[in-house]
2 protein chains.
Amino acid sequence: MSQQQRGRPTGRRTGDSGTRDAILDAALTLFAERGYDAASVRAIAESAGVDPALIRHFFGDKNTLFATVVADRTSIPARLGAALDGDPSTLGARVADAYLRLWEDPQTRPTLLALVRSATTSPHAADMLRDLLAGRAPALAPDKAQGTALAASHLFGIAFTRHIIKLPAITACDHDTLVAAVAPTIQHYLTADQQTASTNAR
Amino acid sequence: MSQQQRGRPTGRRTGDSGTRDAILDAALTLFAERGYDAASVRAIAESAGVDPALIRHFFGDKNTLFATVVADRTSIPARLGAALDGDPSTLGARVADAYLRLWEDPQTRPTLLALVRSATTSPHAADMLRDLLAGRAPALAPDKAQGTALAASHLFGIAFTRHIIKLPAITACDHDTLVAAVAPTIQHYLTADQQTASTNAR
DNA sequence: ATCATAACTCCACAACTGGGGAATTCCACA
DNA sequence: TGTGGAATTCCCCAGTTGTGGAGTTATGAT
């Protein structure tokens, strides 16, 4: 019925209007739920209680909106990096715990979901995910790049079957059980000396 | 310029017109490349050199087109199941090889890609993927459901980072290297006796 | 008091989406 | 020789998409 009030709303100072953040929040949620393509600019705007054109006003582009969302709401590399420091003999457990915990944390899970959902169709998002997965680790141990990648693949696969495919046997157990079940393997991949198949001497 | 010829083309008997298969081929490719939503009926039709309405004529629905594609092109469970039989001491290598080979085979890879790309956004596709991943295995060894699921997650993760994310360290090595690197872990997951964390005695 | 600028809304557009209707042409069988 | 059905086309529709333009109101600095 009644038209929305037009023009700049009263009582908001230049920088602090919460709308920009509201948009980022809504975008994060919708990207997570539907992936990049299916999350429409209009739906994000509506969910943020805002005119679609505002998104263009603030971010210009759907792409840069997505990039901003991922960049702004991501403490992820930091948390992963932190797990790498410490006693090498418990490295596997720490990394597995840190990584899988990111997927349990209601604050970081949407970002990861958004990234994964989008990475499957948008090469741009795939790049971001790759950087995130590769992260600091290879730089720290360039000779163990393959082991690191195997560990990352394993953890990623578990997150995927747990939170996207929802494999019953994986969703059944709780976080700690999962970490404990996987930690030895991760430890092995991260610390084994050889680069190829000669590591069978378990 | 000239309009396409209308009506039934000459020289084709009732059942054998190859167009239906052409549509299925094109659909498989596009679903694999773009996922369910992004692969438009029109694009599939064009890629098959066919009017979009023909798709409706043959399959009625985009959904049943997808279902038909996946159902028709799936020797996958059979091939996976076969790997389970044989010498238990080389089970891990056989399963890893069989599974990862499915992703290298140009005949089966598109199906898997289509399934995975679509599963991230469409719950329906996620169901199909789950059934495929769970497969026969848990029925064979109900007490090792978790280990089986961990193995599946690991292999799935590797396929994902290799063929979708394209992690350099994973795409760098060839199929056999990968299988060899992963087989011991798979073997362990598939044959370990315990269901939880007490398996650390490597 | 003036004025650029930031925050915001409405409208429009061109493209594309999945789906359906109707026409046309041919084949197979009675 | 009819006639029914299969294969194929074109046209249409209502909806949604990302984006751009133009207008409106308040803020903050001058």
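**Briefing: contacts between and within the chains**

Chain A and chain B each put 44 residues into their contact. The model is predicted. Within chain A, the domain assignment gives domain 1 (19–72) and domain 2 (76–191). The largest nonpolar core holds 109 residues, with A:F31 and B:F31 among those that touch the most other members.

**Where chain A meets chain B**

- Six elements of chain A are listed as giving two or more residues to the side that touches chain B: α1 (19–38), α7 (109–119), α8 (123–134), α10 (145–163), α11 (168–172) and α12 (175–191).
- α10(A) supplies the largest share of this side, 13 residues.
- By class, the side of chain A that touches chain B has 25 nonpolar, 13 polar and six charged residues.

**Two domains in chain A**

- The centres of domain 1 and domain 2 of chain A, taken over C-alpha atoms, lie 26 Å apart.
- Their contact draws eight residues from domain 1 of chain A and eleven residues from domain 2 of chain A.
- On the domain 1 side, α1(A) gives the most, with seven residues.
- That side of domain 1 of chain A divides into five nonpolar, two polar and one charged residues.

**The nonpolar core**

- Which residues of the largest nonpolar core touch the most other members? They are A:F31, A:L155, B:F31 and B:L155.
- Leaving out residues up to four places away in sequence, B:F31 touches B:Y36, B:A39, B:F66, B:V69, B:A114 and B:S118.

Conventions: Residues are numbered from 1 along each chain as its sequence is written. Chains are lettered from A and ligands numbered from 1 in the order in which they are written. This is a predicted model: local features need pLDDT of at least 70, side-chain atom pairs count only at pLDDT 80 or more; totals for chains, interfaces and linings use all residues. Two residues are in contact if their C-beta atoms, placed from the backbone, lie within 7 Å. Helices (H or I, at least four residues) and strands (E, at least two) are DSSP runs, numbered from the N terminus. Ala, Val, Leu, Ile, Met, Phe, Trp, Tyr, Cys and Pro count as nonpolar, Asp, Glu, Lys and Arg as charged, and the others, Gly among them, as polar. Domain bounds come from an automatic or database domain assignment. A nonpolar core is a set of buried Ala, Val, Leu, Ile, Met, Phe, Trp, Tyr and Cys residues joined through C-beta atoms within 7 Å. A residue is buried if 20 or more other C-beta atoms lie within 10 Å of its own, exposed if 12 or fewer, and partly exposed in between; C-beta atoms are placed from the backbone.
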